[in-house]
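Trainee: I should like to take a close look at a single part of this model. May I put my request once the sequence and structure are before us?

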Protein chains: 2
Amino acid sequence: MRYEELAELAQQLRVDAVRAADAAGSGHPTSSMSAAELAAVLLARHLRYDFGDPGNPANDRLVLSKGHASPLLYALYKAAGAVDDEELLSFRRLGSRLEGHPTPRLPWVDVATGSLGQGLPVGVGMALAGKCLDRLPYRVWVLSGDSEMAEGSVWEAVEHASYEHLGNLTLIVDVNRLGQRGPTRHGHDLDAYGKRLRAFGWHTIEVDGHDVEAVDKAFTEATAADGEPGRPTAVIAATYKGRGVAAVEDQEGKHGKPLPDAKAAVAELGGQRSIRAEVRIPEVRMPPPATQVPRSGGSGPLELPRYDTGSEEATRTAYGQALAALGSARGDVVALDGEVSDSTRAEYFKKAHPERFFECYIAEQQLIAAAVGLQTRGWVPYASSFAAFLTRAYDFVRMASVSRAGINVVGSHAGVAIGQDGPSQMGLEDLAMFRAVHGSTVLYPCDANQTARLVAAMAGLGGVRYLRTTRAAAPVLYGPDEEFPVGGSRVLRRSDHDKATVVAAGTTVHEALRAADALADDGIPVRVIDLYSVKPVDVEALNDAAGATGCLLTVEDHHPEGGLGDAVADAFADGRPVPRLARLAVRNMPASATPEEQLHASGIDAESIAAAVKLLVERVVVR
Amino acid sequence: MRYEELAELAQQLRVDAVRAADAAGSGHPTSSMSAAELAAVLLARHLRYDFGDPGNPANDRLVLSKGHASPLLYALYKAAGAVDDEELLSFRRLGSRLEGHPTPRLPWVDVATGSLGQGLPVGVGMALAGKCLDRLPYRVWVLSGDSEMAEGSVWEAVEHASYEHLGNLTLIVDVNRLGQRGPTRHGHDLDAYGKRLRAFGWHTIEVDGHDVEAVDKAFTEATAADGEPGRPTAVIAATYKGRGVAAVEDQEGKHGKPLPDAKAAVAELGGQRSIRAEVRIPEVRMPPPATQVPRSGGSGPLELPRYDTGSEEATRTAYGQALAALGSARGDVVALDGEVSDSTRAEYFKKAHPERFFECYIAEQQLIAAAVGLQTRGWVPYASSFAAFLTRAYDFVRMASVSRAGINVVGSHAGVAIGQDGPSQMGLEDLAMFRAVHGSTVLYPCDANQTARLVAAMAGLGGVRYLRTTRAAAPVLYGPDEEFPVGGSRVLRRSDHDKATVVAAGTTVHEALRAADALADDGIPVRVIDLYSVKPVDVEALNDAAGATGCLLTVEDHHPEGGLGDAVADAFADGRPVPRLARLAVRNMPASATPEEQLHASGIDAESIAAAVKLLVERVVVR
């Protein structure tokens, strides 16, 4: 397509963005209009993408990080022949695939965007897949706003991309100088962005983003810059928000609303057009098998580590060893860690499968984003850090759910049980955080064999799967051949005369067992349930225990809100009769102490459990 | 103190760090040893701090961002005469103030550290207080590790400090080249850090961190660089981890553990010393009253906005207007926003009190960190963004709790009720996130007058206070003189024959009222509770309702986990008899639709509530 036609295509994208927002009565046409030439040139001359086969592994990846500019993306899809005009005008309506911000309900959208500063970190994950795993020549294009360059997550990604020599990654920054509420920090100072990116090792090209020829040359240069060892490129483009319509162009107060007079705006933009862009289909150049990391199958059947009952092992160690074994059986399993693999024990995987291990350093947002990016290409990621530090990446976990991403996340060093390091290192909110994510699974094993089984089971689930591990060695309770279905539980103590049920998971299972033994000695038999599947929860087992014992005491190494106690209460929140409930949890702000002192100070040790059961059985209120 | 003495003082800090970790049997002596000269020179020659009066407003601020190097900090306190040797050796023991990572249990610690990458963003908040509010000449010193420079939050702060010309801020980077698990990305390449920081507008000084004279000159230069308009300085220091003890110096695998032979190490370091550093007391140079932002009192008594019952107003608007009024009555109230003040309506405060408003751009971690920093100096911050985007800052909220920080956080655009923008913009996990924070308060008003009262009440609470607001206008239900105590609730419908209770908050209160009216027409009277205080929750009112009606239905515009439903269930989790419970919540992944369509699709509108009540009253299980 010639430059005059590209300019016309850009105007068409503007017109269609204006029309879509006008039909919806909401949306972000002005943020779309600034990037129209960038999108037109990309679509018609640089993107290699088979819209008829979005699953083609050689397709380039396009991530609209400025997700509010969705009208531009949908106009681009229309120009590519992927959606028709009727669907374009269904924008933001109930049932339409064209949501306010893009989601993977559209087959050409790999990840949901709309929380700013996520496109580049996820793009880094995709580029890692292309370079290190798929070893295919696809390019990752991330179209970003200028406002979102203030997000720290962008700079985690900038650093990571440079360090990993991701020459297959191009960031396009649409510097339209206006954020939602007013001017950005740097306005049209392209060099402000350029010098920052160059300092991190990027190749940068500054252009007039409304000059199709200049943009075309910049994209050509970006593609050519992918040499050895490879350097990511940023095309930093000066543009005007609302470009082309005088009533809104370069003006404050025009963010996120339809144009005041769409009909006049369309006329000012030269009217509707019906240009169809011929998008280049990628040459499917599969790399020679010897150079590609083998994805399907491994060296043999799954041989999980086996631990002897009665011995002691930390669940975090079982995680690392099981993951290494899973990696041997499945070539599609990859692991990522945030510079604590010696603690999370992801190091076992790293040693066994170094070509499938990704070190993300102390950048937890990039850690989760890379996992999301890798899974778009069919890899099965396990991302680990301390449970406490996963809070750093909560927005990425939340958006992973909106992206329908399948990721495994593992948080170690859960709870006060870590001991002396103190509260900054203790995961005490992680169960709440992961339970609240739509479609998530939350697992919390208490022993090494159970951990190994759950690590393997996670790989086959959808959505965000979270596994919580603990620091200290714990007795192995279960044999290596026992099974632990997700959504299940295990009854560890039971008699015909149980007076109460103690529901525990992880660390507190061992305390509950000690308490049950002490209570039995006092003539108070209690049932003990190991609720290793915190979400989904075993409603049936809890209901049975409620019927048999009349009251349930939950005990968790977590703050009282959002964790095990809430999960158990929720099992009865469907109108059925509810047993009496009581909960022990970490209600204090911990300090430094030994693990045993911590459990005692927080009132979740065996002694506290036994005391609470006695009160509960005597019908005294326990709070 | 002369250079030879400074070198001796550095050795003393090493010796004491080694001894403290040895006594504890855990801790991070090697990470302390790398920064011994940096700490010694700072303490003895540059810090202006009255250890006898930590509340002196003119004191410099010292933030140990690499909080795991706490033995160094405690050794420094000992050298300053603030703690004695006996207390030093209580490190990490139960009851000791010398926790594994520093917390404000020590009067000289302003904020807890230990989650890396937080010291600089919080230091930015302190420096903003010094420059823009207190207008006092104190300096903020942040001692950071090199590994943590990978955290995006650091770069949010680097950008913010430069943009705000925080010449009163000095970052000291202890480049010891080794992270927890191995080498950092940049090793001893000081210029890798320097060029990045310079690109963001910082003044940088690269030094040998073990050369006390060079360090002294660097700190002098940093202090002198504080001209107009002011530029933050980074002292980038090459050091060796474990410096001074051959068994550990510059070696991998020596992170986070006591030295193998502490006695030999102390001997190698020249033995114990008892040098006492004379720390400079700050000249108390209070600025002329005319230049200082007046902290106490405002222009008059609190005159909250008043809304007419029956009119309509969005709670987010009431937030902004009430905060502006509060700012007029209280000179210590400040506001911060993440580039969405036109949406959160913090803009009302900004217009009324521009000198106390802080624009943080799209950098939510810096937003919360700045609030934490400001409150260390007695300011009362209100930080706002979309509820959805506060997930970006969860680790900072968590650490604010460990810091015993008093901050107000306000999340707008809660729930599916926002409508067309879709799930990326919907706060659906925020109640879970904030409830799980230790010592937090969670408020969720349904009308404008209630919002205004709660905004005022928040200022007087401790800990993390969260207020959830909604986008759309809603009917004003309450008069402007009604009171809404934190921990309370309001009964909006009640009869002597109520067959069930509907518990709602925010958006769903209005749906519950519509449902109650429809049910009353069908001969099914129900009680309706407005549970505006989600934490603490009104146990008494819920218990009364349970006794009177036998069953409770919660309805919330939030995912089912961790929010209103869990809060209500928790009210009965103390062994008392539990009513039948059912919950309506957002169990779907929303897409774009109108607010009304969203509430219906998620099953939380009036129609869904009425249907659920009928099932509950007929004792059908509702799930």
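Which side chain meets that of A:Arg19 in a salt bridge? Please begin there, and then lead me through the parts that surround the topic.

Mentor: The model before us is predicted, and every value below is to be read in that light. The partner of A:Arg19 is A:Asp16: their side chains meet in a salt bridge at 3.0 Å, N to O. Side chains of opposite charge can pair when their charged atoms come close. Both residues belong to helix H1 (residues 3-24) of chain A, and because they are three residues apart there, about one helical turn separates them. This pair belongs to a wider set, since the structure holds 82 salt bridges over all chains.

Salt bridges also occur between the chains. Across the interface of chain A and chain B, the rule finds 18 of them. One pairing of this kind is that of A:Arg392 with B:Asp395, whose side chains meet at 2.9 Å, N to O. Polar contacts can be counted across the interface too: 63 residue pairs are found in polar contact, both residues at pLDDT 80 or more. Several elements of chain A each supply at least two residues to the side that touches chain B, among them helix H7 (152-163), helix H8 (190-199), helix H14 (364-375), helix H15 (394-402) and strand S19 (580-584). By class, that side of chain A has 41 nonpolar, 33 polar and 35 charged residues.

The extent of the interface can be given in two ways. In terms of residues, 109 of chain A are in contact with 109 of chain B. In terms of area, the two chains bury about 9,200 Å² between them, and 50% of this lies on carbon and sulfur atoms. A:Arg392, already named for its salt bridge with B:Asp395, appears here again: together with A:Arg181 and A:Arg185, A:Arg392 supplies 10% of the area that chain A buries against chain B, more than any other three residues.

Let us turn to the sheets. Strands of a sheet pair through backbone hydrogen bonds, either parallel or antiparallel. In chain A, an open sheet of five strands has the order S14-S16-S15-S18-S19, with mixed pairing. Its edge strands are S14 (490-493) and S19 of chain A, each of which pairs on one side only. Neighbouring strands of this sheet are turned by 25 degrees against each other on average, direction ignored. As an example of the pairing, S14(A) and strand S16 (residues 526-530) of chain A run antiparallel and are joined by three bridges. Within S16(A), A:Val528 is the bridge partner of A:Arg493.

Helices accompany this sheet. Helix H18 (residues 507-521) of chain A lies across S14, S15 (500-504), S16 and S18 (551-555) of chain A, and runs at about 170 degrees to S16(A). Helix H22 (residues 606-617) of chain A packs on the sheet as well, where it touches S15, S16, S18 and S19 of chain A; the direction of H22 makes about 160 degrees with that of S18(A).

Chain B also has an open sheet of five strands, in the order S14-S16-S15-S18-S19 and with mixed pairing. Strands S14 (490-493) and S19 (580-584) of chain B form the edges, each pairing on one side only. The twist from one strand to the next averages 25 degrees. Here a parallel pair may serve as the example: five bridges join strand S18 (residues 551-555) of chain B to S19(B). B:Leu552 stands opposite B:Leu581 of S19(B). Helix H18 (residues 507-521) of chain B lies across S14, S15, S16 and S18 of chain B, at about 170 degrees to S16(B).

Finally, some details of the backbone deserve attention. The peptide bond from A:Lys535 to A:Pro536 is cis, with omega near 0 degrees, and A:Pro536 is found in the loop between strand S17 (533-535) and helix H19 (539-549) of chain A. In chain B, the bond from B:Lys535 to B:Pro536 is likewise cis, with B:Pro536 in the loop between S17 and H19 of chain B. A:His165 has a phi near 55 degrees, a positive value in a residue other than glycine. A:His165 is placed in the loop between H7 and strand S3 (169-175) of chain A.

Conventions. Residues numbered from 1 in each chain as written. Chains lettered and ligands numbered in written order. Predicted model: local features only at pLDDT ≥ 70, side-chain atom pairs only at ≥ 80, totals over all residues. Heavy atoms only, no water. Pairing = 2+ DSSP bridges. Helix = DSSP H or I, 4+ residues; strand = E, 2+ residues; numbered from the N terminus. Axes fitted to C-alpha atoms, helices over the stretch in contact; angles between N-to-C directions. Contact = heavy atoms within 4.5 Å. Buried area = accessible area lost by both parts, 1.4 Å probe. Salt bridge = Lys/Arg side-chain N within 4 Å of Asp/Glu carboxyl O. Polar contact = N/O pair within 3.5 Å; in protein donor to acceptor, adjacent residues only side chain to side chain. Nonpolar A, V, L, I, M, F, W, Y, C, P; charged D, E, K, R; others polar.
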